[in-house]
Amino acid sequence: MTAPLLKVDHLTVGFPSKAGVVGAVTDVSFEIHPGEVLAVVGESGSGKSVTALAVMRLHSKSTHISGSVMFNDTDLLALPEDQMRAIRGRDIAMIFQDPMTALNPVFTVGMQIVEAILLHHHDMTKQKAWERAVELLDMVGVPEPRRRAAQYPHEFSGGMRQRAMIAMAISNDPKLLIADEPTTALDVTVQAQVMEVLHEVKRATGSAIMLITHDLGLVAGSADRVQVMYASRLFETGSIDEIFYESRNPYTRALLDSIPDLEGTKDELHPIPGNPPSLLRPPAGCPFRPRCSMAIELCREQTPALIQIANSHASRCHRADELAVLAAGAPA
Amino acid sequence: MFAYITRRVLATVPLLVVALYLVHVMVSATTDPLADFRLCLPRCQDGFDQIVENYNLDVNLWLRPFTWFESALGGDLGRSESLGLPVTTILWDRGINTAMIAVPAFLVGSIVALLLSIYSARRPYTKGDYALTGLSFIGFAFPSFVMALVLQNLLAVQFENWFGVKPFNTGRKTGENFLELARDVFLPALTLIIVGVAADSRFGRASMIETLNQDYIRTARAKGVPEKTVVWKHALRNALIPLVTLWALNFSALLSGAVVTESIYSWPGLGPAFLTSIGEADVDLVLGIVIFSAVLTVAFNLVADVLYGILDPRIRFD
C-alpha cells in the first residue's frame, strides 16, 4: 500500500463553553490514501464536520485541538498560519453543505473562482484565470459557462451553485477534496447529479475525497472505505462490504436498519430510539449504551476500545466478536 | 435606475404635502401670535392688523396651510418675525453653518465608528472588545447636552487659547480664515462625533460579527484567502449594506441641525433657529425648517436605497 496522503492521529477537538469543554471529537485516528474515497458517516453532532474543519484548521482560535494531522509528512496542526493558508484551497479544498449560503452574494461566481485560482497562481493573469474559471464551470456541467460566470450566486439554482462550489474547490487540482454533506441541502434529483459531478472530478483529477454524509445510500455507491462516527468517537471503520454486510458494531447496524427501503420490502421503519448523549458530560462507559439493544453490564462500566477485526476493519464494541456470528445475513 | 429615482421622487411629493399640512395646522393651533397684542387693544390696532395679515389669521385654521403652499410654490417661504429675515435666507445661511459642523462630524464619526466596529468584530468578547463596549455605553449614556457641557468645560475653559469661548453670533460664518473656522468647528463637531460613534459602532459591530459568521466567509478562508482580504473585501461589503441606511439617516439628521449641541456652543446653525422659532411661535420659520429637514430625510433615504443597489447585486431597480 502507498504512503497515506492524510494521516490523522489521536485527534481531539474541544469547544470551550461556560459549562465546560464540549468534546466534539475524541481521539480519532484515520488515514486517507491518494485517490481514495473515504466516507465519514454519523448522526448530526457526531463530530464529522468538526474533524474536517480541524484538518483544514478553520476553527476559531479558542478551540482546543490536540493530536496530529499529517498531510504528506507535514503536521498541519503545527504549521504557521501563512503556510497553512498556502495549503488551503491548493492541496486541500473543501465543499460545504449549503450552497445557498456558501458563496459570497456580492461577487460574481466567476470572480470567486478567479480569486481561488489567483491566490495560488501569483503569476497568472486575470484574463487567463477567467478563461480557466469558465473551463471549470463547463467541466462541472454548468451550461453556458461563459455567461454564467458573469452572474451572481443568487442567479444560480441550488444544484448549479453546488457545481460552482465544486468548480471553485477543484480549481487548483487539490490532492484532497473534503466534501462536507455536499448533497444534503439539495433536491433528491439534483443530489444524484452533484454526486456524478464529484465522481467525474475524481476521475479527471485523481484527487482523494473525504465524503462527509449522514446518507448511507450515498456512501454505498461512491466510497472505497467507510468510517462511522458516534458521539465524537470513531465507532467502526472498514471497507464498503465490511460495513454494509459484515458490520461488527450495533450502532452501524442500527444505522443501516434505519434506512427507509424504497422497494417496500420493509414493513416499518426502524429508527434508533433515544438521542445521542451530551458531549459536555458524556455518560460513563459506552456512549451508545443507553440506545443499544445489545448492551451488557460491562458497557456501563467501561468505554470499549477500537478492536481490530481484519486488516482494514475495526469496531468499538465490547461484543464485536459475538457480532461475527450474526453477520451472515446482515443488514437485518 | 433613472426611472426608479424619478418614481421615488414623485412618490415623496404627497408625503411632504401631508406632513407640511399637519405641521402647519398643529403649529397654528397651538400658538397665538396675537397674544401680546390682545392686551393692548385697541391702542395697537395697527400692529394687530399687521400680524393678522402676515399670518393670514383671518383664514380658517384648516385652510390656512393652502395659502402657505401657494406662496411656497413660488419660492417664498415667508418671513421670520423673530429673526426679522426671509425664511429662505435663514435656511441658506444657517444651513451652511450647520453643514460646517455636520459634514466633518459625519465623515470622521462614520469612519471612526466603522474602524472600531471592525476592530471589535474581529475579536468579540475579548478585553479590547469589552473596553470599547464599555466606552460606547458611556458615550451612549451621556445625553448630548451633558457631553457638550463637559467638553466645553474641559477643553474650552481649560485651553482658552486653543478653543476660546466666543460671543453669540447669528450671521453666516464667513470672513474667517480656515484655521480659525476649524477651531470653532472642533468642539461642536467633537461632541456630535462622540455621541454618534457610541451608537454607530454598536450597529457596525453587530453587522460585522454577523457577516463574519456567514458560510461564505468560511468558504473564503477555505480557499486560502488571507485574513485581511477576508475582512476588508469579503466581509466589509456585505456588512456595509445595513449600515448605509443608518448613515443616510444620521447625515440627514445632522444636516437638519443639532438643536442641543449648537445651542450650547452658540453655533449659529439651524438648531438654535428651530428652538427660537418654536419659542416665538414663528410659524413660517418652523415650517421652513421642517420642510428643509423633511426634504433632506427623504433625499438621503433615496441615496441610501441607490447605494444599497450598488452594494448588493440582489437588489434591482424595477
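Colleague: How many residues of domain 1 of chain A are in contact with domain 2 of chain A, and how many of domain 2 are in contact with domain 1?

Modeller: This is a predicted model. Chain A is divided into domain 1, residues 6–223, and domain 2, residues 229–327. Counting a contact when C-beta atoms lie within 7 Å, the numbers for domain 1 of chain A and domain 2 of chain A are 21 and 16 residues.

Colleague: Which element gives the most to the side of domain 1 of chain A that touches domain 2 of chain A?

Modeller: Strand S2 (20–32) and helix H9 (216–222) of chain A each supply at least two residues of that side. With 9 residues, the one that gives the most is S2(A).

Colleague: By class, how many residues on the side of domain 1 of chain A that touches domain 2 of chain A are nonpolar, polar and charged?

Modeller: Gly counts among the polar residues here. On that side of domain 1 of chain A, the split is 10 nonpolar, 8 polar and 3 charged.

Colleague: Why is chain A as compact as a globular protein of that length?

Modeller: Chain A has 13 helices and 12 strands. For 332 residues the globule rule gives 20 Å, and chain A is close to this, so it is as compact as a globular protein of that length, with a radius of gyration of 21 Å.

Colleague: What percentage of the residues of chain A count as buried?

Modeller: A residue is buried if 20 or more other C-beta atoms lie within 10 Å of its own. Of the 332 residues of chain A, the share that counts as buried is 46%.

Methods
Residues are numbered from 1 along each chain as its sequence is written. Chains are lettered from A and ligands numbered from 1 in the order in which they are written. This is a predicted model: local features need pLDDT of at least 70, side-chain atom pairs count only at pLDDT 80 or more; totals for chains, interfaces and linings use all residues. Domain bounds come from an automatic or database domain assignment. Two residues are in contact if their C-beta atoms, placed from the backbone, lie within 7 Å. Helices (H or I, at least four residues) and strands (E, at least two) are DSSP runs, numbered from the N terminus. The radius of gyration is taken over C-alpha atoms; the globule rule is 2.2 Å times the number of residues to the power 0.38. A residue is buried if 20 or more other C-beta atoms lie within 10 Å of its own, exposed if 12 or fewer, and partly exposed in between; C-beta atoms are placed from the backbone.
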